[in-house]
Amino acid sequence: MAIARVALDLPLHRLFDYLVEDGEPLEPGLRLRVPFGRGEKIGILVALPDSSELPPEQLKPALEVLRDTPPLPPEFFRLCEFASNYYQAPQGEVMLQALPPGLKKPRAARRRQLKPKTGKPAAAPALPALNPEQAQAVAAVCASQGYAPFLLHGVTGSGKTEVYLRLIAAALEQGRQALLLVPEINLTPQLEARIRNRFPGVAVAMLHSELAEAAREREWKAAFLGEARIVVGTRLAVFTPLPELGLIVIDEEHDPSYKQQDGMRYSARDLAIYRASSSRLPIVLGSATPSLESWAHAQSGRYTLLRLQERAVTAARLPTIRLVDTRRMNLDGGLSPQLLEAIRKRLEAGEQSLIFLNRRGYAPVLSCTACGWVSRCSRCAANMVVHLKDQRLRCHHCGFEVRIPRACPTCGNQDIHPFGRGTQRLEAWLAETFPQARILRVDRDSAKSRKQWEALLEQIHGGAADILVGTQMLAKGHDFPRLTLVGAVGADAALFAADWRAPERLFAQLMQVAGRAGRADLPGEVIIQTEYPDQPLYGALQAHDYPRYAATLLEQRRQAGFPPYTFQAMLRAEAPHMADAIAFLQAASGLLPPEHYPDVLLYDPVPMRLSRLWSLERAQLLVESPARPQLQAFLSAWRPGLESIKGPSRLRWHLEVDPLEF
Ligand code: ADP
Ligand code: ZN
Ligand code: ZN
């Protein structure tokens with residue numbers, strides 16, 4: 001009889017002991033099926049202690065030792081332990097969320113479904129000769145030893161992906177596996193095809209959360225068993241144990257989708273950096289607009305900066321970016337005469353235009369001119385968005401929806417109007433103005449699922465649209481060869497948003513969406529409508545000068561004492577009444593004697609910007625320190641205390657380290 005210490009998927013900072021009677025040798029990393037409460041659970045064996053705190057007669061026997069996969073390796077334990085400490089998340093929760101769902105469900109018989117793929121290496125395709133900057137980047141990474149972080153900065157189309165592919169090839173040649181992380185939206189059939197074409201005969205595993213359970217288990221196992229040599233995935237793939245990992249690449253490293261927004265709120269990019277350092281690997285972060293955190297590391301020399309300053313295809317020049325000052329302009333449907341004229345020209349030439357408006361729906365709000373009623377969500381502190389197509393008012397925060405009323409619910413006035421403009425309204429207006437044009441809208445309403453999104457991409461690539469209207473979904477790394485005009489409307493809103501990271505995101509989005517124009521043999525033009533043409537953001541954008549803008553922002557951050565010059569964590573609480581949420585945070589801020597943590601600053605609890613969601617009032621407390629270790633020490637001491645604060649039963653809280661949104 002052995003004692004097995006087991007991590008279970010529970011929101012508890014503790015492990016559980018079981019007795020195991022199993023003829024074969026036991027090892028940490030094996031999965032166990034164990035009784036828990038009235039049911040059973042799958043857990044991960046983390047240790048084989050000599051004794052338990054519980055007397056032997058209270059230990060329950062495990063039901064089964066699962067040996068359908070080899071034990072999870074020490075590397076996996078290290079990563080999960082780091083994540084658990086860093087994000088103050090229970091070890092069991094971290095470890096089990098890292099497994100594909102199929103491996104953590106109790107089920108009796110397990111099929112063995114792995115058939116080793118014995119693809120013969122087919123003829124490799126002819127490769128383009130690298131330009132000098134690309135060659136330099138590849139050489140630098142290949143020459144590195146041990147842990148070596150690189151930031152690959154290059155505008156859209158500068159050939160970053162080509163560099164990744166060469167580095168992956170080099171890793172494969174050395175008998176190693178490569179892990180390529182991409183943002184949610186970029187994991188498309190186009191990318192998959194590009195990789196499979198480049199590496200015919202090489203087993204590639206694709207990992208993302210929308211895969212069916214069986215497929216995800218199959219891909220994960222192929223990666224874990226070393227059968228798949230290239231692993232491409234979204235943020236969750238960062239946890240995949242890879243026995244022969246030799247390289248990590250993170251494409252669009254600044255992308256917010258690397259941050260998990262619920263459960264354990266981790267940053268896959270930051271965990272990947274840890275993983276590379278603990279496993280002594282090279283890691284390449286690529287972006288046209290790196291996060292300020294990574295850029296600062298590149299400036300300080302912590303990361304090696306690699307730059308691609310030209311577009312890879314020599315004929316494809318960077319698009320001209322024009323600002324149209326709309327202050328004293330009569331806009332027709334929200335579009336300036338300049339933009340309209342430019343669209344008209346594209347239609348005549350048989351080229352594509354893209355109009356970027358980062359607001360979906362028909363209009364942000366419905367309102368009564370007689371009494372001032374506006375369509376508010378009954379559960380959230382937010383307006384209900386008008387969706388004219390399906391005649392609904394819909395809350396974009398909680399999903400609550402109602403039919404569009406015929407008359408004002410307060411005063412009965414029938415003269416109620418949508419105010420402002422979303423993608424649907426722009427689409428409708430364009431359809432009226434250019435009746436001959438084929439218009440395609442791309443946003444989270446038209447592309448709800450990955451399937452729909454892929455179908456839309458297919459249509460666009462097939463040339464089935466003259467004008468694309470869409471949100472940031474359209475901005476991400478796609479190559480639309482006949483696209484020569486990009487118009488951006490309504491961008492100013494983000495300049496003065498309450499979230500101080502909004503301008504950084506806006507710059508990245510505009511740069512990315514601008515990068516869609518003129519990639520192939522046709523020159524591109526970008527028109528940005530603004531009432532603030534003198535904003536430095538627009539100036540830097542026009543000059544395609546990310547470093548200049550990053551320097552400006554970093555200087556502002558330094559002066560204001562914002563990240564990356566300070567380290568933050570956010571404690572958030574939600575409850576039916578705001579007073580309870582605030583009271584919890586108040587109690588939390590008094591838990592530890594401040595004199596023990598002189599370098600840690602606790603702000604006053606305040607209601608969140610979206611102060612009510614799903615009928616719960618929400619408040620937050622910001623914790624800040626100029627030094628990461630001090631912040632971590634504080635959080636480690638703080639967290640157990642938080643668990644003992646007595647609040648009303650419907651109060652819930654969570655801690656987020658390195659919060660991205662405020
Ligand atoms: P990014 O990832 O920076 O957007 P890509 O790697 O996708 O850039 O390259 C953009 C385009 O240029 C692609 O069509 C790619 O095939 C091509 N390309 C990349 N590198 C070269 C090169 N050295 N010579 C010729 N074409 C290249
Ligand atoms: Zn009214
Ligand atoms: Zn709502």
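Helix 6 has a long list of buried residues: Ala215, Arg216, Glu217, Glu219, Trp220, Lys221, Ala222, Ala223 and Phe224. That makes 9 of its 12 residues, so the helix counts as mostly covered. Keep in mind that you're looking at a predicted model. Besides this helix, there's a zinc site to look at, plus a nonpolar core of 120 residues.

**Helix 6 and its surroundings**
- You'll find helix 6 at residues 213-224, and from first C-alpha to last it reaches 16 Å, close to the 16 Å expected at 1.5 Å a residue.
- What do its buried residues pack against? They sit against strand 8 (177-181), strand 9 (204-207) and strand 10 (230-233).
- Just past the end of the helix comes glycine 226, with a positive phi of about 80 degrees.

**The zinc site**
- Four cysteines hold the zinc ion (ligand 3) through their SG atoms: Cys377, Cys380, Cys395 and Cys398, at 2.3 to 2.4 Å.
- Along the sequence, these donors follow the spacing C-x2-C-x14-C-x2-C.
- The angles among the 4 donor atoms run from 104 to 115 degrees, and the site is tetrahedral.
- Two of the donors, cysteine 395 and cysteine 398, are buried.

**The nonpolar cores**
- Which residues touch the most other members of the largest core? They're Phe239, Leu510 and Trp638.
- Setting aside neighbours within four places in sequence, leucine 510 is in contact with Phe356, Ala488, Ala491, Ile528, Leu537, Tyr538 and Leu541.
- There's also a second, separate core, made of 29 residues, including Val141, Ala148, Val232 and Val249.

Terms used
Residues are numbered from 1 along each chain as its sequence is written. Chains are lettered from A and ligands numbered from 1 in the order in which they are written. This is a predicted model: local features need pLDDT of at least 70, side-chain atom pairs count only at pLDDT 80 or more; totals for chains, interfaces and linings use all residues. Side-chain values use heavy atoms; hydrogens and water are left out. Donors are N, O and S atoms within 2.8 Å of the metal (3.2 Å for Na, K and Ca); water is not among the atoms, so sites may look incomplete. Four donors count as tetrahedral if all angles lie between 85 and 135 degrees; four count as square planar and six as octahedral if opposite donors are over 155 degrees apart and all others between 65 and 115; anything else is irregular. Buried means under 20% relative accessible area, exposed over 50%, partly exposed in between (1.4 Å probe, protein chains only). Helices (H or I, at least four residues) and strands (E, at least two) are DSSP runs, numbered from the N terminus. The expected span of a helix is 1.5 Å times one less than its number of residues. Contact means heavy atoms within 4.5 Å. A nonpolar core is a set of buried Ala, Val, Leu, Ile, Met, Phe, Trp, Tyr and Cys residues joined through side-chain atoms within 4.5 Å.
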